[in-house]
Amino acid sequence: IDPRKNWRIMLSGFRNVVDRVRVKRTELPRLVLVGKISKDDQYPLLHAYAKELGISELIVETGFVPDEDLVGLYRSAAALFFPSMYEGFGLTPLEAMAAGCPVVCSNNSALPEVVADAALTSDPMDDVSFGRNLFTILEEHDLVSELIARG
């Protein structure tokens with residue numbers, strides 16, 4: 001759990017979408033954290049913040065996932081949520097798009113060049129915009145189809 005990956009904005013952005021979904025549906029989305037998570041000093045902070053936001057029960061941790069299983073995760077996800085503060089390239093959004101997964105990511109560093117017009121992007125410090133973009137992915141199926149085709 002690297003602060004550069006912007007986990008605070010990720011959690012608060014996810015909370016924003018949960019609040020919007022609650023009004024329309026009974027089933028709430030899940031935030032799936034994929035990858036080996038070190039239990040360093042950031043780990044308890046992430047869980048404390050999730051608890052403070054009231055979304056702890058909506059977070060699923062997969063642990064390490066072999067590369068050959070990632071495609072299945074991308075294909076079954078409503079979206080890849082990637083609010084990173086900085087990326088040298090942005091392989092994860094590229095992989096998600098190649099697998100047909102819509103992407104919601106930051107509009108900084110290398111990410112705009114990697115995703116071009118095939119993703120919804122937000123300022124990495126704007127949790128409200130991230131929540132709005134995630135909600136859009138859940139609600140606007142025609143747009144999702146268009147983003148997947150562009151990806």
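**Exercise 1. Describe the largest pocket and its lining.**

Step 1. Start with size: the largest pocket has a volume of about 1200 Å³ (the space filled by probe spheres set on grid points, which are joined across faces, edges and corners). A pocket here is an open set of points on a 1 Å grid over the protein atoms alone, where a 1.4 Å probe fits, with protein on both sides within 12 Å along at least five of seven lines.

Before going on, note that this model is predicted, with local features needing pLDDT of at least 70 and side-chain atom pairs 80 or more, while totals for chains, interfaces and linings use all residues. Residues are numbered from 1 along each chain, and side-chain values use heavy atoms, without hydrogens and water.

Step 2. Now find the walls: 37 residues line the largest pocket, and Val32, Leu33, Val34, Leu80 and Phe81 lie nearest its centre. Lining residues have an atom within 4 Å of a point.

Step 3. Which element gives the most to this lining? H3 does, with five residues.

Step 4. Sort by class: the lining has 26 nonpolar, five polar and six charged residues.

**Exercise 2. Work out how helices H1 and H2 are arranged.**

Step 1. H1 (residues 7-24) and H2 (residues 42-53) pack at about 20°, their axes 10 Å apart.

Step 2. Angles under 35 degrees count as roughly parallel, so H1 and H2 are roughly parallel to each other.

Step 3. Look at who meets whom: Trp7 and Leu11 are among the H1 residues that meet H2 residues including Leu45 and Tyr49 (contact means heavy atoms within 4.5 Å).

Definitions and conventions: Axes fitted to C-alpha atoms, helices over the stretch in contact; angles between N-to-C directions. Helix = DSSP H or I, 4+ residues; strand = E, 2+ residues; numbered from the N terminus. Parallel < 35°, antiparallel > 145°, perpendicular 65-115°, else oblique. Nonpolar A, V, L, I, M, F, W, Y, C, P; charged D, E, K, R; others polar.
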